[in-house]
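Here are a few exercises to work through with the model open beside you. Try each task before reading its solution.

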Amino acid sequence: MIVDASLLFQIAGIGIVVAMIHTVLKQMGKEDLAHWATLIGFIIVLFIVIENLAELFQQIKSVFLFQ
Amino acid sequence: MDFFQLVSFALIASILVIIVKEQQSSIAFFLVLLTGIIIFLVLIQYISEIFRMITYVTTKANLNFMYVETILKIIGIAYIAEFGAQMTRDAGLGSLAAKIELAGKVFILLLAIPIITSVIETVLNFIPV
């Protein structure tokens, strides 16, 4: 459970850090860079979540006797 | 991981979602999705234990395993459809959730066809034509 909880906190941390980077870059006047940073943070979280989703569907296939 | 850990895990996740929601609502949705995935990954060991017991009982009662297998598949499809529909409803897309549920029903019916046909055939055999 600790691993799952740490994973959860990592993703929340990424979300908060990305939001802070976005506001900081916006104040510095680099608006487009801010959007790029948000996009990259989003993609990192996407990878983590999709990996877990794939593992979940794999386990479901094995347990529920799908082909 | 017993039940109390699971509930506390879900509460922690919901608090984190509230924190992250104002700044980044997309990552907050990912957080909700990940919590659902993790909770079910924990549950799946217990579910496989239950299914092992079911299959043991059916082999003992030497029923035709095809029926039980179809039932297990239908349960699996029902759960996935419900999981997906609730997630999309959480994201605020009620119409998409209804589409997912419709797809789930269609696939369940698809699985039930062989059983329905065998039932009809057995009933027809009883009728002395």
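**Exercise 1: what lines the pocket**

Sort the lining of the largest pocket into nonpolar, polar and charged residues.

Solution. Keep in mind that this is a predicted model. Sorting the lining residues gives 11 nonpolar, two polar and one charged.

**Exercise 2: where the pocket sits**

Find the volume of the largest pocket, then work out which residues are closest to its centre and which helices supply the lining.

Solution.
- Step one: the volume comes to about 310 Å³.
- Step two: 14 residues line this pocket, and those closest to its centre are Phe66(A), Ile77(B), Ile80(B), Ala81(B) and Phe107(B).
- Step three: at least two lining residues come from each of α2 (31-63) of chain A, α3 (65-90) of chain B and α4 (94-126) of chain B.
- Step four: α4(B) gives the largest share, with six residues.

**Exercise 3: the nonpolar core**

Describe the largest nonpolar core and say where its residues come from.

Solution.
- Step one: count the members. This core has 35 residues, and Val49(A), Leu56(A), Leu31(B) and Ile37(B) have the most contacts inside it.
- Step two: look at the helices. In chain A, α1 (2-28) and α2 each supply at least two core residues, and in chain B so do α1 (3-23), α2 (25-60) and α3.
- Step three: find the largest share. That is α2(B), with 12 residues.
- Step four: check the domains. In chain B, domain 1 (1-62) and domain 2 (64-129) each give this core at least three residues.

**Exercise 4: one residue up close**

Which residues does Leu56(A) contact, leaving aside its neighbours within four places in sequence?

Solution. With those neighbours set aside, Leu56(A) is in contact with Ile37(B), Phe40(B), Leu41(B) and Phe83(B).

Technical notes
Residues are numbered from 1 along each chain as its sequence is written. Chains are lettered from A and ligands numbered from 1 in the order in which they are written. This is a predicted model: local features need pLDDT of at least 70, side-chain atom pairs count only at pLDDT 80 or more; totals for chains, interfaces and linings use all residues. Side-chain values use heavy atoms; hydrogens and water are left out. On a 1 Å grid over the protein atoms alone, a cavity is a set of points where a 1.4 Å probe fits but cannot get out, and a pocket is an open set with protein on both sides within 12 Å along at least five of seven lines; lining residues have an atom within 4 Å of a point. Grid points are joined across faces, edges and corners, and a volume is the space filled by probe spheres set on the points. Helices (H or I, at least four residues) and strands (E, at least two) are DSSP runs, numbered from the N terminus. Ala, Val, Leu, Ile, Met, Phe, Trp, Tyr, Cys and Pro count as nonpolar, Asp, Glu, Lys and Arg as charged, and the others, Gly among them, as polar. A nonpolar core is a set of buried Ala, Val, Leu, Ile, Met, Phe, Trp, Tyr and Cys residues joined through side-chain atoms within 4.5 Å. Buried means under 20% relative accessible area, exposed over 50%, partly exposed in between (1.4 Å probe, protein chains only). Domain bounds come from an automatic or database domain assignment. Contact means heavy atoms within 4.5 Å.
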